[in-house]
Amino acid sequence: MKRNKILITINDLKDLEKLKELGITHYVFPLKDFCVGIPNTFLVSEIPSDVYDNSYIFINRVLDNKGIDDLKEIIDSLPNIKGIIFDDLGIIPLIKDKNLESILFLNHFNTNKESVKIFLDYVDSVVVSTDITKDEIQEIVDVNPNVTLFALGYVSAMYSRRLLIDNYVKFHKLKKTNPLNIKNTNQEIMVYENEYGTVFLAKPLFNGLSLMEMDAKYYFINSSFLSFKDIKELLEGTSKLEVSDGFLNKETIYKLKEGE
């Protein structure tokens with residue numbers, strides 16, 4: 001397993017040494033005030049200087065004008081870290097002339113080699129969608145090996161800038177639970193909210209570690225809501241956590257009503 005090509009989000013700075021022992025050397029720090037759906041975030045000043053060479057800041061919320069301006073100040077004063085992972089296209093001009101490896105992470109986009117090729121004109125890598133099959137992902141990797149594959153973690157199904165949990169519990173006069181697990185028929189969802197919005201995460205946990213058989217640039221692990229022990233056991237194949245392979249072995253088919 002190519003663990004030296006894993007990009008893993010950090011939950012706890014104490015995990016860094018243990019991750020190194022597992023052979024994982026690329027660390028992703030969710031940036032405080034610029035993330036949704038992630039409980040543990042960090043200021044740039046909290047990133048240990050001894051891992052700068054292999055560290056990335058992570059941004060996954062939609063930014064308004066103020067957010068872009070605030071982020072520009074941070075990027076302009078960044079220490080010598082390796083790169084940035086982001087989903088707001090407005091960030092591309094901010095990093096155009098910066099010495100940062102750029103990885104575009106658009107949930108549910110980049111499902112074909114044509115769109116990947118276009119975005120690779122502007123960034124160094126893109127994260128391929130989890131909404132396509134393993135064979136379809138392989139087709140993309142064969143043409144564009146500079147992609148990043150989502151290998152493990154809870155996958156975002158939806159993101160709203162509204163505070164949906166807050167609004168619901170206030171209206172119904174309930175005690176707030178965050179994260180909140182909800183179930184509708186056979187689909188279970190974990191909902192997590194912070195001041196910047198609400199994210200719906202599909203359950204069970206997505207396990208796409210088999211994608212590491214492909215010769216991609218990186219393999220992304222979202223460790224949010226997982227412990228170091230969980231990660232270690234999942235990588236070693238000894239975990240008892242419930243997992244899903246998502247759409248890797250089945251096509252995403254949406255049936256429209258007749259006439260639509």
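These legends go with a set of close-up views of a predicted model.

**View 1. Two phenylalanines, F58 and F105, meet as an aromatic pair.**
A pair of aromatic rings is described by the distance of the centres and the angle of the planes. A search through the whole structure turns up 10 aromatic pairs. In the one shown here, F58 and F105 sit 6.1 Å centre to centre with 55° between the planes, which makes the pair tilted. The partners come from distant parts of the chain, 47 residues apart: F58 belongs to strand β3 (residues 55-59), while F105 is in the loop between β5 (101-104) and α4 (113-119). Are these rings buried or exposed? F58 is buried, at 5% relative accessibility, and F105 is buried too, at 10%.

**View 2. F150 and F206 make another tilted pair.**
Here the ring centres are 5.9 Å apart and the planes are 55° apart. F150 is part of strand β7 (residues 148-160) and F206 is part of strand β10 (residues 197-207), so this pair ties together pieces of the chain that are 56 residues apart in sequence. F150 is buried, with a relative accessible area of 5%, and F206 is buried at 5% as well. Now put the rings together: ring pairs link F58, F105, F150, F206 and F220 into a cluster.

**View 3. R61 holds its charge over a ring.**
Which ring does the charged end of R61 sit over? The ring belongs to Y196, and the charged end of R61 is 4.2 Å from the ring's centre.

**View 4. Helix α7 has a buried side.**
An α-helix has 3.6 residues a turn, so residues three or four places apart point the same way. Keep that in mind while you look for the buried residues of α7 (residues 228-236), which are F228, D230, I231, L234 and L235. They cover an arc of only 160° around the axis, so they end up on the same side of α7. What do they pack against? The list is β1 (6-9), α1 (15-21), β7, β10, β11 (218-221) and β12 (243-244). Just after the helix comes G237, with a positive phi near 75°.

**View 5. Helix α6 also lines up its buried residues on one face.**
In α6 (residues 164-172), the buried residues are I165, D166 and V169. Seen down the helix axis, they fall within an arc of 100°, so they line one face of α6. Among the elements covering them are β8 (180-184), β9 and β10. After α6 comes K173, which lies in the loop between α6 and β8. K173 has a positive phi, near 55°, even though this residue is not a glycine. With 73% relative accessibility, K173 counts as exposed.

**View 6. Here is the largest pocket.**
Rolling a probe the size of a water molecule over the atoms shows where empty space is left. The volume of the largest pocket is about 740 Å³. Its lining has 27 residues, and the closest to the pocket centre are Q187, A202, K203, P204 and S244. Two or more lining residues come from each of β7, β9 (187-194) and β10. Which element gives the largest share? That is β10, with five residues.

**View 7. Some backbone angles here are worth a second look.**
Most residues other than glycine have a negative phi, and most peptide bonds are trans. The bond from N178 to P179, though, is cis, with omega near 5°, and P179 is in the loop between α6 and β8. Another cis bond joins K203 and P204, with omega about 0°; P204 lies in strand β10. H108, which is not a glycine, has a positive phi near 75°. You'll find H108 in the loop between β5 and α4, partly exposed with a relative accessible area of 33%.

**View 8. S102 and A157 sit in strands β5 and β7.**
S102 is buried, with a relative accessible area of 5%. Leaving aside neighbours within four places in sequence, S102 is in contact with I84, F86, I95, Y122, V123, D124 and S125. A157 is partly exposed, at 42%. Beyond its own neighbours within four places, A157 is in contact with H108, F200, L201 and A202. For a sense of scale, the C-alpha atoms of A157 and L100 are separated by 29 Å, and these residues are 57 apart along the chain.

Conventions. Residues numbered from 1 in each chain as written. Predicted model: local features only at pLDDT ≥ 70, side-chain atom pairs only at ≥ 80, totals over all residues. Heavy atoms only, no water. Phe/Tyr/Trp six-rings, centres within 6.5 Å; stacked < 30°, edge-to-face > 60°. Helix = DSSP H or I, 4+ residues; strand = E, 2+ residues; numbered from the N terminus. Buried < 20%, exposed > 50% of the residue type's maximum accessible area, 1.4 Å probe, protein only. Lys NZ or Arg CZ within 6 Å of the ring centre and 35° of its normal. Arc of directions from axis to C-beta. Contact = heavy atoms within 4.5 Å. 1 Å grid on protein atoms, 1.4 Å probe; cavity = no way out; pocket = protein on both sides within 12 Å on 5 of 7 lines; lining within 4 Å. Points joined across faces, edges and corners; volume = space filled by probe spheres on them.
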